Amino acid sequence: MTSSPAAPPRRSWLAIRWRQFRNAPRPVVRAVASSVAVAVVLGAGYLVYDIALTRNPDLPGGDLRLAAAAAYVVGVLVAGSVVTWLIVPLPRGAGARSTRTPWSAALGLFAAVPVAYLVLVVALEVVKPLLT
């Protein structure tokens, strides 16, 4: 008599998600990392402008925080898409030539949307109170 091999132990939901997080596909990691880098740089600029207006509301040009926030979001989305398009080629397969398609830029756009929001929230709700 032969016995059947034992089934592997079932993983919890958290164990499955942790394993997926640790083994994320390289294109996704690159897309998120490029969006985070762009968002941190642009978010720091927005934070400097916001703190300057908070300390001196009579700066020339008036209060353009809404326009600056819109420029930040558009800048992160566009730059995240372009940078991802540049650094995330499609898989090569057997050929030596790497190709880029609009799907690479779309991956960057989809990664940039939550990153833009999260970096702006951290900048305004965590970092700004520490600096003012």
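Where does S35 sit in this predicted model? The place of S35 is in helix α2, a helix that covers residues 26-55. As for cover, S35 is about as hidden as the scale allows for: its relative accessible area is 0%, so it counts as buried. Leaving aside residues up to four places away in sequence, S35 touches V76, G80, G108, A111, A112 and V115. Two of these names, V76 and G80, turn up again on the α3 side of the contact between α3 and α4. From the α4 side of that contact, G108, A112 and V115 are also among the neighbours of S35.

P114 gives another view of the surroundings of S35. This proline is found in helix α4, which runs over residues 102-131. P114 and S35 are 79 residues apart in sequence, yet their C-alpha atoms lie 9.5 Å apart in space. Unlike buried S35, P114 counts as partly exposed, because its relative accessibility is 41%.

Next comes the pairing of α3 with α4. Two packed helices are described by the angle between their axes and the distance between the axes. Here the axes of α3 and α4 come within 7 Å and cross at roughly 145 degrees. The crossing of α3 past α4 is right-handed. On the α3 side, the residues that meet α4 are Y72, V76, L77, G80, S81, T84 and W85. Their partners in α4 are S104, A105, L107, G108, L109, A112, V113, V115, A116, V119 and L120. One pair of C-alpha atoms adds a distance to this picture: V82 and V113, 31 residues apart along the chain, are separated by 14 Å. V113 is one of the α4 residues in the contact list, while the place of V82 is in α3.

V82 also belongs to a nonpolar surface patch, made together with V74, V78, W85, L86 and I87. The patch comes to about 520 Å². Two of its members can be looked at one by one. V82 has a relative accessibility of 44%, so it counts as partly exposed. L86 also lies in α3, the helix of residues 65-87, and with a relative accessible area of 47% it is partly exposed as well. W85 plays two parts, as a patch member and as one of the α3 residues that meet α4.

A68 is another α3 residue. It is partly exposed, given a relative accessible area of 23%. Not counting residues up to four places away in sequence, A68 touches Y46 and Y49. The C-alpha atoms of A68 and P89 are 32 Å apart, with their positions 21 residues apart along the chain.

Then there are the charges. Side chains of opposite charge can pair when their charged atoms come close. The structure holds three salt bridges. In one of them, the side chains of D50 and R65 meet at 2.7 Å, N to O. That pair links distant parts of the chain, with D50 in helix α2 and R65 in helix α3, 15 residues apart. D50 is buried, its relative accessible area being 3%, whereas R65 is partly exposed at 24%.

D50 has a further partner in K128, with a salt bridge of 2.8 Å, N to O. K128 lies in helix α4 and D50 in helix α2, so this pair ties together parts that are 78 residues apart in sequence. K128 counts as buried, because its relative accessibility is 17% and the cut-off for buried is under 20%.

What does R65 meet in the remaining bridge? The partner is D63, and the side chains of R65 and D63 come together at 3.0 Å, N to O. D63 counts as partly exposed, with 48% relative accessibility. Salt bridges that share partners join D50, D63, R65 and K128 into one network.

Notes:
Residues numbered from 1 in each chain as written. Predicted model: local features only at pLDDT ≥ 70, side-chain atom pairs only at ≥ 80, totals over all residues. Heavy atoms only, no water. Patch = residues over 30% accessible without salt bridge, like charges linked within 9 Å, V, L, I, M, F, W, Y side chains within 5 Å. Areas by Shrake-Rupley, 256 points an atom, 1.4 Å probe, with all protein chains shown as cover. Salt bridge = Lys/Arg side-chain N within 4 Å of Asp/Glu carboxyl O. Helix = DSSP H or I, 4+ residues; strand = E, 2+ residues; numbered from the N terminus. Buried < 20%, exposed > 50% of the residue type's maximum accessible area, 1.4 Å probe, protein only. Axes fitted to C-alpha atoms, helices over the stretch in contact; angles between N-to-C directions. Left-handed = near helix turned anticlockwise from the far one by under 90°. Contact = heavy atoms within 4.5 Å.
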